[in-house]
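Please open the structure in your viewer and keep the selection tool at hand. We will go from stop to stop, picking something and looking at what is there.

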Amino acid sequence: MRFTYNEGLKIILGILLLFTALFCFIAGPIMLGYSVDVLVPGQVGLDYNKKYQTIDSDKRYTPGRHFLGLGHKFIELNTLVQTVKFHWDYPYYPDLYDDDAITGRTYDGLSISVNLDWSYRVQSDADSLYALYQLYGKDYQPVLTQVVRSKARDVLARYDAYELISERDQLSQDMREEIDDVFQESKYAELTHLSILNIDLPDDVEDTIELTVIAQQDVLQAAHEKNIAIIAAETSVQEARILKEQILLAANASAEATLYEAEQKAREIRVKRAAEAKAFGEYLCRFQNLYNGVDTPSPTPAPTLAPTTAAPTAVNQTNAPYVSNSTETESTCVPDPNSNFTSSDLLSYIWVTNVLSSSSSASISLDKPSMLTAT
């Protein structure tokens with residue numbers, strides 16, 4: 001079968017298009033898969049070009065799926081907190097511990113062994129990750145471990161055996177500050193935790209230190225009990241002062257109430273005596289005028305004289321007693337002190353006046369004068 005030139009060209013182009021479509025259909029997903037890389041949570045990545053053997057130091061990638069292109073892949077670095085343990089050897093559980101305990105010497109030359117736990121986290125910015133990878137690759141933990149071990153020995157050498165036990169918190173704080181300063185200066189990682197689990201000294205030294213610490217604790221306990229006793233005594237004194245003030249306040253209030261009541265009674269007595277004095281003054285004036293033969297105005301109704309212990313007087317009557325106030329016109333009658341009448345004459349006059357002016361409901365408690373009885 002013979003084809004023309006144009007027909008043969010069309011057949012060749014069709015075959016090429018078919019192979020191109022098959023290639024894209026098959027190789028496209030494969031190439032796409034090799035152009036994408038994934039970072040799991042807790043990882044960051046740097047873009048590594050396998051063709052040119054270079055790393056993109058300007059960008060770091062966070063967890064997720066990222067399109068990098070053919071010939072590119074991630075260099076994964078862990079940004080989670082990682083814990084390292086320095087412990088003594090335990091043959092039954094060798095996988096629980098990462099490294100041996102830290103050994104060294106104290107300031108006074110004694111050998112010492114310390115169990116230590118510490119945690120760190122690498123810096124997650126692109127520059128720090130790139131510098132860390134350039135220096136140590138992905139196996140950077142042994143380097144950080146040597147830094148921690150060296151700085152811990154330096155701090156231990158500044159403490160004597162007794163201070164290691166009595167100032168354990170300060171020892172741990174000094175270690176954290178020394179190690180974190182180195183990490184911060186390098187800008188590669190940060191120290192997140194450090195704790196001293198155990199300190200091993202020679203047995204005789206430990207026994208001596210233990211007895212010393214117990215004695216110091218006894219001293220502190222005695223001082224604490226002394227403070228408690230002082231506080232209790234001061235509390236009792238304060239309570240006594242408060243009770244004293246309460247008693248004084250109550251006594252002052254009672255005294256003021258008694259004084260006020262006495263003043264009220266005295267005021268009532270003064271008012272009563274003033275009214276009685278005015279009433280007797282009116283009687284006296286009228287009696288003097290009568291005695292001397294002078295005409296007097298119509299008598300004012302006789303006042304009621306309440307009985308007293310000093311002398312018998314008349315009780316309340318239906319007629320209102322004479323009581324002067326600021327609105328009434330004062331009497332112009334002025335008693336004459338030089339009159340030659342007697343008190344018996346005045347009492348007789350008052351008695352007769354009350355009898356003559358009283359109603360049937362009035363009661364007279366004033367005894368009849370003796371001069372009237374005689375007549």
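Begin by selecting helix α5, residues 168-186, together with what covers its buried residues, which includes β9 (111-122), α3 (141-156), α4 (161-166) and β10 (189-200). Helices here are DSSP runs of H or I with at least four residues, and strands are runs of E with at least two, numbered from the N terminus. You are looking at a predicted model, in which local features need pLDDT of at least 70 and side-chain atom pairs count only at pLDDT 80 or more, while totals for chains, interfaces and linings use all residues. Residues are numbered from 1 along each chain as its sequence is written, and side-chain values use heavy atoms, leaving out hydrogens and water.

Next, colour the buried residues of α5: Leu-171, Ser-172, Asp-174, Met-175, Ile-179 and Phe-183. Buried means under 20% relative accessible area, exposed means over 50%, and partly exposed lies in between (1.4 Å probe, protein chains only). Now look down the axis of α5: its buried residues fall within an arc of 165°, so they line one face of the helix. That arc is taken from the directions from the helix axis to the C-beta atoms. On the face turned away from the buried side, pick out the exposed residues Asp-169, Asp-181 and Glu-185.

Zoom in on Ser-172 in α5. Which residues does Ser-172 contact, leaving aside its neighbours within four places in sequence? They are Leu-194, Ser-195 and Ile-196, where contact means heavy atoms within 4.5 Å. Ser-172 has a relative accessible area of 9%, so it counts as buried.

Then try the distance tool on the end C-alpha atoms of α5: they are 28 Å apart, which agrees with the 27 Å that its 19 residues should span at 1.5 Å a residue. The expected span is 1.5 Å times one less than the number of residues. Just after α5 comes Lys-187, whose phi is positive, near 65°.

For a change of scene, select Phe-19 in helix α1 (residues 5-34). Phe-19 is exposed, with a relative accessible area of 56%. Add Ile-11, Ile-15, Leu-18, Leu-22 and Ile-26, which with Phe-19 form a nonpolar patch on the surface.

Finally, zoom out to the whole protein chain, with its eight helices and 10 strands. Of its 375 residues, 27% count as buried.

Key:
Patch = residues over 30% accessible without salt bridge, like charges linked within 9 Å, V, L, I, M, F, W, Y side chains within 5 Å. Areas by Shrake-Rupley, 256 points an atom, 1.4 Å probe, with all protein chains shown as cover. Salt bridge = Lys/Arg side-chain N within 4 Å of Asp/Glu carboxyl O.
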